[in-house]
Amino acid sequence: MPAGTLTRRDVRLLAICSVGLAASGVLHYVGAGDIAPFVVSALALALLASLVGRSVEALGDRLGAGATGVVQSALGNLPELFVTLFALHAGLYDVVRAAIVGSILANVLLVLGLAFVVGGLRHGTQSFGAETARGISLMLVLAVAALLVPSLTANLHTPAAGHERALSIIVSIMLLALFALSLPAAIRRSGSDGEAGEAKEGEWPLALAIGMLAGAGVAAAFVSDWFVDGLTPAMDSLGISQVFAGLVIVAIAGNAVENVVGIQLAARNRPDYAVSVILQSPLQIALVLAPVVVLAAPLVGATFTLVLSPLLIAVLAIAVLVTVLVVLDGESTWFEGAALVALYAMIATAFWWG
């Protein structure tokens, strides 16, 4: 099949995504119990993630690993932004705080771990650009450290306690400025991207790949709204606390794009792209999503700060430091991935009771 055309697999994927989107909308508007609309909307997000994954694969051949990670993470985190804003509007503050932390944990532990496991079992030890990975990890450590400043001032009862809202706004503005300064280095091509630009069978034109990414992001925004609407009834029916729902369920569903894409890329033996996509997502959550939520909260009638509970502070710091240690050598094995997944499971279990 010539390059620049949709394959049968692509057509099937588009059809399934359309069915999932329609089913989620129908269940939302007609009402179908407490659990079904929530589950179907979560599945619809995962289906849209597969569409993003296919688009990223086509886009990555032209832009390189760094630029692909930035573009995909930006669109992939758009549903997460809508989920958090809708949740704030609904008064689910604990869900939002836990979801921001959970999104970072899910990417650096669960998704990165699964990518290492799948890639390691299929291709053995995989190598990726250690310099790029270290750079992203260092930025992630600095961003998370900045996020923790308002929490520490509140929990340590410093003179700044009581001014967390003002401090959160200042931190948010500085993080957004830091993100803007990091963009040139993030999108710069590296020598490992030599395969970029090669024509492949069934490869999409650049305009089609970008259009599919944007379309999937917009569709995921609608599904995110339906997902939040179904969240509270589902929590009440299943007896799930707000913190666990935010840390695990909302975080995984909201980051379904990275969950699918990163693992797909590792399975196809493209570890540079996989690591870039997976690590760019939590970096943008810390540098962009959390600050934007703080600044945009008044638009939905809410007041939000970056003050986290002591346990959320501890697990966030542990996860980020472990990630830095894992990517330092520029190689990954299935056992390293299994250890990351196990750590994520232990942290998630600690929040089961709230």
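Trainee: Which residues form a nonpolar patch on the surface?

Mentor: In this predicted model, Ile35, Val39, Leu43 and Leu238 form that patch, and together they have about 330 Å² of accessible area.

Trainee: Where does Leu43 lie, and is Leu43 buried or exposed?

Mentor: Leu43 belongs to helix H2, which covers residues 36–63, and Leu43 counts as exposed because its relative accessibility is 52%, where the cut-off for that class is over 50%.

Trainee: And Ala36, what class does that one fall in?

Mentor: Ala36 is also placed in helix H2, but at 32% relative accessibility Ala36 counts as partly exposed, since that value falls between the 20% and 50% limits. The C-alpha atom of Ala36 is separated by 8.6 Å from that of Gly230, although the two residues are 194 apart along the chain.

Trainee: Switching to H1, which of its residues are buried?

Mentor: The buried residues in H1 are Asp10, Leu13, Cys17, Gly20, Ser24 and Gly25. As general background, an α-helix has 3.6 residues a turn, so residues three or four places apart point the same way.

Trainee: Why does Ser24 count as buried?

Mentor: Ser24 has a relative accessible area of 1%, and because buried means under 20%, Ser24 falls in that class. Leaving out residues up to four places away in sequence, Ser24 touches Val40, Ser41, Ala44, Val223 and Trp226.

Trainee: What should the 23 residues of H1 span, and how far apart are its end C-alpha atoms?

Mentor: At 1.5 Å a residue the expected span of H1 is 33 Å, and its end C-alpha atoms are 33 Å apart, so the two values agree. H1 runs over residues 8–30, and the residue that follows the helix is Gly31, with a positive phi near 80°.

Trainee: What about the interior, how many residues has the largest nonpolar core?

Mentor: That core has 103 residues, and those with the most contacts inside it are Leu105, Leu109, Leu231, Leu247, Phe304 and Leu316. Its largest share, 16 residues, comes from helix H5, residues 93–123.

Trainee: Which residues is Leu316 in contact with?

Mentor: Setting aside neighbours within four places in sequence, Leu316 is in contact with Val101, Ile104, Leu105, Val144, Leu148 and Leu308.

Trainee: And the chain as a whole, how many helices and strands?

Mentor: Its secondary structure comes to 13 helices and 2 strands, and buried residues make up 51% of the 354 residues. Of the contacts between residues at least 6 apart in sequence, 86% join residues at least 24 apart, while the chain exposes about 14300 Å², with carbon and sulfur atoms supplying 70% of that area.

Definitions and conventions: Residues are numbered from 1 along each chain as its sequence is written. This is a predicted model: local features need pLDDT of at least 70, side-chain atom pairs count only at pLDDT 80 or more; totals for chains, interfaces and linings use all residues. Side-chain values use heavy atoms; hydrogens and water are left out. Helices (H or I, at least four residues) and strands (E, at least two) are DSSP runs, numbered from the N terminus. Buried means under 20% relative accessible area, exposed over 50%, partly exposed in between (1.4 Å probe, protein chains only). Contact means heavy atoms within 4.5 Å. A nonpolar core is a set of buried Ala, Val, Leu, Ile, Met, Phe, Trp, Tyr and Cys residues joined through side-chain atoms within 4.5 Å. The expected span of a helix is 1.5 Å times one less than its number of residues. Patches are made of residues with over 30% relative accessible area and no salt bridge: like charges are joined within 9 Å, nonpolar side chains (Val, Leu, Ile, Met, Phe, Trp, Tyr) within 5 Å. Accessible areas come from the Shrake-Rupley method with a 1.4 Å probe; for residues, only the protein chains shown count as cover. A salt bridge is a side-chain nitrogen of Lys or Arg within 4 Å of a carboxyl oxygen of Asp or Glu.
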